[in-house]
Amino acid sequence: MLHLASQSPRRRDLLARLGLPFGRVDVDVPEVQAVGESADDYVLRVAADKARAGLHAVGEVQDAVVLGADTEVVLDGVVFGKPRDDADATRMLQILSGRTHQVISAVVLAAAGRQAGVTVVTDVTFDTLDADTVAAYVASGEPRGKAGAYAIQGGAELFVVRMAGSHSGVIGLPLQQTAALLRSFGMQPRPFAANDHKA
C-alpha cells in the first residue's frame, strides 16, 4: 500500500488527485543543508530521508511503498526555506521581487529493497512587488510555513509573470513525474476515476 510521509495538506490533496488509495505517516526529518551541498542534492536528500523514515515507521506493513517529497525555492544557488517570522518573509519577498527563481521539487519512493526518485525544476518569474503589496501579503499570514514565503496556489498567484515547469511541483508535488514514478513501482494512477483515497 502507498503511504505519504508528509504532514502537508497541500501534498495530501495533490496526491489524492492521482486516484490511488494511500495512508499517511508523520515523520520528523531535519531539513538542514550540509556545507557544500548543492540545492538540487539537498532537496533530493531530504525527500529520500522522509521516504526512508516513513518506511521505517510503517514497519512490517506488507508491500508498503512510502512517498517522500520536498520543495524549496532557490535563487542564485541559495535555498529559501520557510520564513522564521514575518520580517524574514518580507526579506525573502523583497529579494524575489522582479526576478526569476527556481522551485526545486523532489519526489522519492521507498519500498523494501528499492528506492527511486525524481527532481523537477520550475522557473518562476515574479513581478516587481512594491512595499505595500509585500506588507499586505505578509499580513495575510499566507507566507508562514511556506518555502520562499509564498503560496502560488494562493494570493501569490498574482505575483507570477511567467512560469516554466510544473505548477503542481511549485505547490509541493509534481503530478506528472509522481505518476510516472508510481507506475514504475507497479501502481496505476487513476486520476479520472472517483477518488477513493484514505487520508
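In which hand does helix H3 cross H4? The crossing is right-handed. The views below come from a predicted model, and the legends start with this helix pair before moving on to the strands and loops.

**View 1. Helices H3 and H4 meet in a right-handed crossing.**
Two packed helices are described by the angle between their axes and the distance between the axes. Here H3 (86-96) packs against H4 (residues 131-139) at an angle of about 140 degrees, and the two axes lie 10 Å apart. H3 and H4 are therefore oblique to each other, since angles over 145 degrees would be needed to count as roughly antiparallel. From H3, the contact is made by Asp86, Ala89, Thr90 and Leu93; from H4, Val134, Tyr137 and Val138 take part. Sorted by class, the contact of H3 with H4 has 5 nonpolar residues, 1 polar and 1 charged.

**View 2. Ser97 sits in the loop that follows H3 and leads to strand E5.**
Follow the chain out of H3 (86-96) and you reach Ser97, in the loop before E5 (100-111). Is Ser97 buried or exposed? Ser97 counts as buried because its relative accessibility is 16%, and the cut-off for buried is under 20%. Looking past residues up to four places away in sequence, Ser97 touches Phe126, Asp127, Thr128 and Leu129.

**View 3. Strand E3 is buried along its whole run, with 11 of its 11 residues covered.**
E3 spans residues 65-75, and its residues point in two opposite ways. Val65, Leu67, Ala69, Thr71, Val73 and Leu75 point one way, while Val66, Gly68, Asp70, Glu72 and Val74 point the other way. The residues pointing either way are all buried, Asp70 and Glu72 among them.

**View 4. Strand E3 pairs with E1, with E5 and with E4.**
With E1 (residues 2-4), E3 pairs in the parallel sense over 3 bridges; Leu2 has Val65 of E3 as its bridge partner. How many bridges join E3 and E5? There are 10, and this pairing is antiparallel. To find your place along E3 and E5, look for Gly68 beside its bridge partner Val108, or for Val66 opposite Ala110. The pairing of E3 with E4 (residues 78-80) is antiparallel too, with 3 bridges, and Leu75 is partnered there by Val78.

**View 5. Ala69 is a buried residue of strand E3.**
With a relative accessibility of 1%, Ala69 counts as buried. Which residues does Ala69 contact, once neighbours within four places in sequence are set aside? The answer is Arg11, Ala47, Lys50, Ala106, Val107, Gly172 and Leu173. Arg45 offers a further landmark: Arg45 and Ala69 are 24 residues apart in sequence, and their C-alpha atoms are 9.5 Å apart in space.

**View 6. Strand E5 joins E6 through 12 antiparallel bridges.**
E5 is mostly covered, with 10 of its 12 residues buried. E6 covers residues 114-126 and runs antiparallel to E5. Along this pair, Thr100 stands opposite Thr125 of E6. The two strands form a hairpin with 2 residues between them, where Gly113 takes a positive phi near 75 degrees.

**View 7. Asp76 marks the turn of the hairpin made by E3 and E4.**
This hairpin also has 2 residues between its strands, and Asp76 lies in the loop that links E3 and E4. What is notable about the phi of Asp76? Its value is positive, near 55 degrees, in a residue other than glycine. Asp76 is exposed, because its relative accessible area is 58% and exposed means over 50%.

**View 8. Ala149 is another residue other than glycine with a positive phi.**
The phi of Ala149 is near 65 degrees. To find Ala149, look in the loop between H4 and strand E7 (160-164). Ala149 has a relative accessible area of 0% and is therefore buried, whereas Asp76 in View 7 is exposed.

Notes. Residues are numbered from 1 along each chain as its sequence is written. This is a predicted model: local features need pLDDT of at least 70, side-chain atom pairs count only at pLDDT 80 or more; totals for chains, interfaces and linings use all residues. Side-chain values use heavy atoms; hydrogens and water are left out. Helices (H or I, at least four residues) and strands (E, at least two) are DSSP runs, numbered from the N terminus. Buried means under 20% relative accessible area, exposed over 50%, partly exposed in between (1.4 Å probe, protein chains only). Contact means heavy atoms within 4.5 Å. Axes are lines fitted to C-alpha atoms, for helices over the stretch in contact, and angles run from 0 to 180 degrees between N-to-C directions. Angles under 35 degrees count as roughly parallel, over 145 as roughly antiparallel, 65 to 115 as roughly perpendicular and the rest as oblique. A crossing is left-handed if the near helix is turned anticlockwise from the far one by less than a right angle, and right-handed if clockwise. Ala, Val, Leu, Ile, Met, Phe, Trp, Tyr, Cys and Pro count as nonpolar, Asp, Glu, Lys and Arg as charged, and the others, Gly among them, as polar. Two strands pair if DSSP finds at least two bridges between them.
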